[in-house]
Amino acid sequence: MNFLVTGGAGFIGSAVCRHLAADPQKNVLNLDKLTYAGNLASLRQIENFPNYSFLQADICDDSLILQTLRDREIDIIMHLAAESHVDRSIDGPAAFIETNIIGTFRLLNAALAYWRELPEPRKSRFRFHHVSTDEVFGDLPFDSGIFTEETPYKPSSPYSASKAASDHLVRAWHETYGLPVVLSNCSNNYGPYHFPEKLIPLVILNALDEKPLPIYGTGANVRDWLFVEDHARALELVATRGAIGESYNIGGHSERTNLDVVKQICAILDKKRPRNNGKPYSELITFVTDRPGHDRRYAIDASKIERELGWKPQETFQTGLEKTVQWYLDNEWWWQPIRNKTYAGDRLGTGQTA
Ligand code: NAD
């Protein structure tokens, strides 16, 4: 099987590349523009594998994509390339429209042209897997409701609106042109190699630096967290065994308020790396002005992928978070160069992705 992973130098894409390339039967081509969020250091573990390769390219370049699909005889496209940070989408939505909407449109066009010319049996084997977010569904009340695959779309931020638009385009290319697509919508991911502007790594690294741990509003917003390697396994299943035209919700059954997440990280750090002054890290928690349009709660019903594809998360939030904290303690070589760069914009650096 020949996989093309777009956005494979990002947080989730790199986990997908590492996961797929561990199987020598699978060839993995990582296609990534290398924006600020792309980092080839996340692929160091597999960069010399004979079944892994990297191509720096923009998904908006449809002629290059079409040529690449032909040259590499791609069987499955896993489309993860996106602008993904909600705060950045508020401060500068243009890049989100360009990559998430126009880029997906161009990628679909290249995929359709390629798929149409494929001979059997490669034509029947081909899949376009679009990787999306639960944020397309909008927000839920604090005390009830859960997102299923049938929940109507009601995005709140420029980021989630651009992802919703891309989901609609992918479905339209299936309904209108017959392109064999599968979709997945996942909750918040966390784990190793997560860009340090996002909540969990930001809190770990600020705590180690004795800096404030910023939390939006009162910290009551609820997110459903999934360990990134559990997501990578789910994505492989959806891409290779999902039913054509279907979408699958993916989530970790781990709803937590942002305040609880931060307190849990502090408690793990208190044990693993006690502060010199002997005080708890939670003392560094600081509440900051809330983000505009901040969704209250997301919660995912993942029963379809569990029932139909036999997937289940292997990590609980506690075990996944312990692994994540330990990874950041052990891998300063990866995050220190990123931390040394300053982030632009006022709200950036609060770390709250969703
Ligand atoms: P990320 O920001 O870490 O990585 C995105 C990658 O896409 C980067 O490597 C970047 O260089 C690349 N990219 C951006 N624009 C590109 C372009 N025009 N052409 C080629 N490459 C480009 O994002 P992530 O957190 O890994 O998310 C990956 C996907 O999963 C996104 O589609 C996102 O919407 C979705 N998703 C993310 C989460 C989450 O919690 N992070 C949850 C559900 C779904």
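**View 1. Here is the shell around the ligand in this predicted model, with 13 nonpolar, 13 polar and 5 charged residues.** The model is predicted, so keep that in mind for every panel below. Of the 31 residues around the ligand, the ones that come nearest are Gly7, Gly10, Ala37, Gly38 and Ala82. Two helices, H1 (11-21) and H4 (94-117), each supply at least two residues of this shell, and the strands S5 (127-133) and S7 (188-190) each do likewise. H4, S5 and S7 all turn up again in later views.

**View 2. This one shows the open sheet of 7 strands, paired in parallel.** Reading across it, the order goes S3-S2-S1-S4-S5-S6-S10, so S5, a contributor to the ligand shell, sits between S4 and S6. At the edges stand S3 (52-56) and S10 (247-250), each pairing on one side only. From one strand to the next, the twist averages 20°.

**View 3. Zooming in on one edge of that sheet, we get the pairing of S6 (residues 181-186) with S10.** The two strands run parallel and are joined by 4 bridges. To find your place, look for Cys186, which stands opposite Ile250 in S10. S10 is an edge strand, with a partner on one side only.

**View 4. A second open sheet has 3 strands, in the order S7-S9-S11.** The pairing here is mixed. S7 and S11 (255-257) are the edge strands with a single partner strand each, so one side of each has no neighbour in the sheet. Ignoring direction, neighbouring strands are turned against each other by 50° on average. S7 also brings at least two residues to the shell around the ligand.

**View 5. Here S7 meets S9 (residues 222-227), with helix H8 (residues 228-241) lying across both.** The two strands pair in the parallel sense over 3 bridges. Tyr190 is a handy landmark, as it stands opposite Phe227 in S9. H8 runs at about 70° to S9.

**View 6. Next up is the packing of H4 against H6 (residues 158-177), at an angle of about 15°.** Their axes are 8 Å apart. Angles under 35 degrees count as roughly parallel, and H4 and H6 are therefore roughly parallel to each other. The crossing is right-handed. On the H4 side the contact includes Phe96, Ile97, Ile101, Phe105, Leu108 and Leu112, and they face a set in H6 that includes Tyr159, Leu169, Val170, Trp173 and Tyr177. Asn100 and Thr104 of H4 also take part, as do Ser162, Lys163 and Ser166 of H6. Sorted by class, the contact of H4 with H6 comes to 13 nonpolar, 4 polar and 1 charged residues.

**View 7. Just a loop away from H4, a cis peptide bond joins Glu120 and Pro121.** Omega is about 5° at this bond. Pro121 lies in the loop between H4 and helix H5 (122-125).

**View 8. Tyr193 is the backbone oddity in this close-up, with a positive phi of about 65° although it is not a glycine.** Look for Tyr193 in the loop between S7 and H7. The helix at the end of that loop, H7, is the subject of the two views that follow.

**View 9. H7 packs against H9 (residues 258-272) at an angle of about 40°, with the axes 10 Å apart.** That angle makes H7 oblique to H9. H7 passes H9 in a right-handed crossing. From H7 come Leu199, Ile200, Val203, Ile204 and Ala207, meeting Asn258, Val261, Val262, Ile265, Cys266 and Leu269 in H9. By class, this contact has 10 nonpolar, 1 polar and no charged residues.

**View 10. H7 (residues 199-208) also packs against H11 (residues 317-330), here at about 55° with the axes 10 Å apart.** That makes H7 oblique to H11. The crossing is right-handed. H7 puts in Ile200, Pro201, Ile204 and Leu205, while Thr324, Val325 and Tyr328 come from H11. The class split for this contact is 6 nonpolar, 1 polar and no charged. Ile200 and Ile204 are worth picking out, since they appear in the contact with H11 and also in the one with H9.

Technical notes. Residues numbered from 1 in each chain as written. Predicted model: local features only at pLDDT ≥ 70, side-chain atom pairs only at ≥ 80, totals over all residues. Axes fitted to C-alpha atoms, helices over the stretch in contact; angles between N-to-C directions. Parallel < 35°, antiparallel > 145°, perpendicular 65-115°, else oblique. Left-handed = near helix turned anticlockwise from the far one by under 90°. Contact = placed C-beta atoms within 7 Å. Nonpolar A, V, L, I, M, F, W, Y, C, P; charged D, E, K, R; others polar. Near = placed C-beta within 6 Å. Pairing = 2+ DSSP bridges.
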